[in-house]
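Let's take a walk through a protein model together. Have a look at the structure below, and keep it in view as you read.

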Amino acid sequence: MALAAAAPAGHAAQDFLDLDLREVLDLEITTASRKPQSISQAAAAVHVITAEDIRRSPARTLPDLLRTVPGLQVASITSSTWAISARGLNGRSANKLLVLIDGRSVYSPLFSGVNWDAQDTALEDIERIEVVRGPGGTLWGANAFHGVINIITRSAASSQGTQLSLSAGNEQKFAASLKHGGKAGEDANYRFYVKGFDRDASRLTSTGASARDDWRAASAGARLDFGSGDSNAFTIQGDYHYGEAGEPTIVNLLRPPYRQYVPTQTRYEGANVVGRWQRQVSESDSLTLQVFLDYTHRDWAAHTRERRLTWDVDFQYHLRSVPRNDLIIGVGLRQSDDAFAAATRGIPSDALQFVQGQTGSGVQNMVSFFAQDDITLLPDHLTLTLGAKIEHLPETGTEVSPNVRMLWTPSASWSFWGAVSRAVRTPSRVDRRGQVVAAVELPAGFLLTQPEVLRGFNQISSPVPIVLQQGSGHVDAERVVAFEAGVKHRFSDTLSVDVAAFRNEYDRLRTAQLVPPACAPGGGIAPACLLNSPPGSVQYLIENSPVGNRTDGYGHGVEMAIDWTPVGPLRLQGAVSLFKSLTEANYAAGEFETDRDSGTPRAQWSLSAYWNAGRKTDLMLGLRHVDSTSPAIGIDVDGYTELDARLAWRPRANLELALHGRNLLHSQHQEYASELLDVALTSVERSVFGKVTLKF
Amino acid sequence: MNYPARLAAPLAALLAMFALLPMAVAQAPGTRERQIRAALVYKITRFVTWPGTVLPATGPFTFCHVSDDVTSQVLAGIEGRAIQDHRIRMRRLDGADSKAVAGCNLVYLTGTNALAADAMAAAVAASTLVVADGPRLGDNTAMVQLVPQDNRVTLAVDLALVRAAQLRIDATLLQMVEVRQ
């Protein structure tokens, strides 16, 4: 498998001949950025969202675009936070998916997940989004445990001209974006964008009141591409973003009312600069050198305040001069420096921080090496892929992620593939040096002040409150061995089907262990310490569950995608995902898994219809269904079916007027809950907005 | 954390990288574009139906082109493949007159090469698909025109000319291209 950004420059005419017509029409003339590859020739479960799909979609955020990808689980927690995972183990702190934007990893070493609110690149500038389910560990490395989302933006050459978009509606209150691209000399092109939006709050599921999680953000970015022809290409690009998002936070206190609903504001900003050099060394060989710097700052009320600076250097060499071999080797270095402080803005000064033990600064380094070879056993029919990535982190040592893949294409319309791969999830900053406060349990006799908002927490019979937290143990890399198989068949030029099945065997997933609580202050094990202490001297109990890697388990499922154009103007795209997982800690020893296998729906499906009613009008209708989940202790979320729609009219070639509707079937519905129990339950509302796009 | 000091190393690496810019010598621009154009010409044939009289079930598909050496080399990669179960026979033409195009199922004109009016009439009469990738030279000069747009190659189809040649183009293709009636 070597999809777009994974593979650097290097191609031959033959590569283009094996793509389908849509893919050829989508090829850029002047880029040397990647090895083109048809989805049907990838020995992996791959789904691609094209620029055209994005243009026709009513979705205005990356998570909403990902909702119809087979095998991906996307659920809204608040207006600006989502739980997103591939093939299970989902949650607000889902940590088993790698996300790349133009080759820049955007996963947060704090919790090994992604802050989706900060990934706010201009959707109009996205060339394609490749979603690879299954371990992508060999080429991309740690955290590509369940999959990789690879977002590739357009080159400056294909973003020429000026485009202004304005939209307004009930939930998307206002949004504006301006982008411009031009030539900066014979062999150089540039583009830049500015955008901003103001989004309305969702509703508290319990009371229907505003969840006060309205969200405002702005971003700007630019890209410059130098050089032309096939031999050298240089890119320098960068973005800056700033945002403020409300959150219906439930803070923990060691005094009455112990748990309190406090609407807070999270502020975040970030900037990055990426430099890339691609050189076509010969007709067959090419190299890519990429350097990026990424700065992020997040003041996440009641959780933590984090500043982080990451720099990363990657080198890849793509060698095709050896007959029957297509080899990519690469080496990468990354350093991430962080600094933490308590995030106290807007909350009671004595509220407990959800993320504990993160103060001061630290450095994480990583060195990686990979090699992957596509070996042609039978030209045009049988390809064997062998690869391995070796990563070294000083804290966790060396991890090896190998994979073996086989692709059999008996004819141009059939492909069968199978793969066995191993991947790891390296421990996050919190895993290694920190604790997470799960909740404060109320003392006996004390009643919740807002039980409808604070649901999901049990009261126990202790004379003093109990702080439940996880941490202070030793977490090593989590491991998976994935067995995958798939078949892709093109019945005709208008109908293709892609089916993939997988089984993930987990080993050493993160666990925590129930321990007897200790008295604070003073120490000692409860209840003895309580009984032996003078009345009133013990203020609370603390139950600090040590973490470890003691869960095994499995996940398996089937995913199917259909793309059918029954008549010229009508295109139908369908996806079905069936999934089951079971992770089992040693409950007898008081251990429990920290990933919830019940947080992933057993079934979900989507059906989208695109109708080109003439050259001037487009209509899109998208129906999607998600089964019920249990995303947090004591919280069950019903399944739901929703409808999205978009109607666009182009009275002139440079003007488009569009009406977008999202979640049209219900006035509001709940999708998920944070497993940290740190936010009140919210519901997504029906959204309708109009959009005007003008090109000049 | 001392950011200025931390920034020094990666900034130096970025600067060093772009110091290499003078090496960015453009070589043979357009090879990739030629490959994409050739692939497009090959791909659209899947959506075209030729009358059985000019493309018998067992005969080869005669793919003619008027092109320079580089494009010829690119097109050589198509030879040996099949179009609708017909083996491709590649023929490079020296000129584009009516005599030269006789017997071609497809004529691909690159650059400013064009068919004279009588050659186009002959092509229409013989149900020969005429594809051109240069600047559009006027009406009735190509049935399918490759048009550069936004750093990609798109297609424009002259439907009247295609119909006159008794060729049928699948509606699926017409949805993906510009149609000139």
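**Two helices that cross**

In chain B, α2(B) passes α3(B) in a right-handed crossing. A crossing is right-handed if the near helix is turned clockwise from the far one by less than a right angle, and left-handed if anticlockwise. Before we go on, a word on what you're looking at: this is a predicted model, in which local features need pLDDT of at least 70 and side-chain atom pairs count only at pLDDT 80 or more, while totals for chains, interfaces and linings use all residues. Residues are numbered from 1 along each chain as its sequence is written, chains are lettered from A and ligands are numbered from 1, in the order in which they are written.

Back to our pair. Two packed helices are described by the angle between their axes and the distance between the axes. Here α2(B) packs against helix α3 (residues 69-76) of chain B at an angle of about 50°, and their axes are 10 Å apart. That angle makes α2(B) oblique to α3(B). Angles under 35 degrees count as roughly parallel, over 145 as roughly antiparallel, 65 to 115 as roughly perpendicular, and the rest as oblique. The axes are lines fitted to C-alpha atoms, for helices over the stretch in contact, and the angles run from 0 to 180 degrees between N-to-C directions.

Which residues do the touching? From α2(B) come B:Thr31, B:Arg34, B:Gln35 and B:Ala38, and they meet B:Val70, B:Thr71, B:Val74 and B:Leu75 in α3(B). Being in contact has a cut-off: the C-beta atoms of the two residues, placed from the backbone, lie within 7 Å. If you're wondering about the spacing of those numbers, an α-helix has 3.6 residues a turn, so residues three or four places apart point the same way.

Is α2(B) mostly covered or uncovered? It is mostly covered, since 14 of its 14 residues are buried. Buried means that 20 or more other C-beta atoms lie within 10 Å of the residue's own; 12 or fewer makes it exposed, anything in between partly exposed, and the C-beta atoms are placed from the backbone. You can also check the length of helix α2 (residues 31-44) of chain B: at 1.5 Å a residue its 14 residues should span 20 Å, and the end C-alpha atoms are 20 Å apart, which agrees. The expected span is 1.5 Å times one less than the number of residues.

**The rest of chain B**

Zoom out and you'll find seven helices and ten strands in chain B. Helices (H or I, at least four residues) and strands (E, at least two) are DSSP runs, numbered from the N terminus. Of the 181 residues in chain B, 36% are buried. Among contacts in chain B with a separation of 6 or more, 52% are between residues 24 or more positions apart. One oddity is B:Ser127, which has a positive phi of about 50° although it is not a glycine. B:Ser127 is in the loop between α5 (117-125) and β6 (129-132) of chain B, and with 19 C-beta neighbours inside 10 Å it counts as partly exposed.

**Strands in chain A**

Now hop over to chain A. Strands of a sheet pair through backbone hydrogen bonds, either parallel or antiparallel. For two strands to pair here, DSSP must find at least two bridges between them.

Follow a run of strands, starting at β21 (residues 360-378) of chain A, which pairs with β22(A) in the antiparallel sense over eleven bridges. The two form a hairpin with three residues between them, and A:Asp380 in the turn has a positive phi of about 70°. Next, β22 (residues 382-393) pairs with β23 (residues 397-411) of chain A, antiparallel over twelve bridges, through a hairpin of three residues. Within this pair, A:Leu382 has A:Trp408 as its bridge partner, and A:Ala388 stands opposite A:Pro402. Then seven bridges join β23(A) to β24 (residues 414-425) of chain A, again running antiparallel, with two residues between them in the hairpin. On that side, A:Trp408 has A:Phe416 as its bridge partner.

Elsewhere in chain A, five strands form an open sheet in the order β1-β8-β9-β4-β5, with mixed pairing. Its edge strands are β1 (45-50) and β5 (104-105), each pairing on one side only. Inside the sheet, β4 (residues 98-101) and β9 (residues 147-153) of chain A pair in the parallel sense over four bridges.
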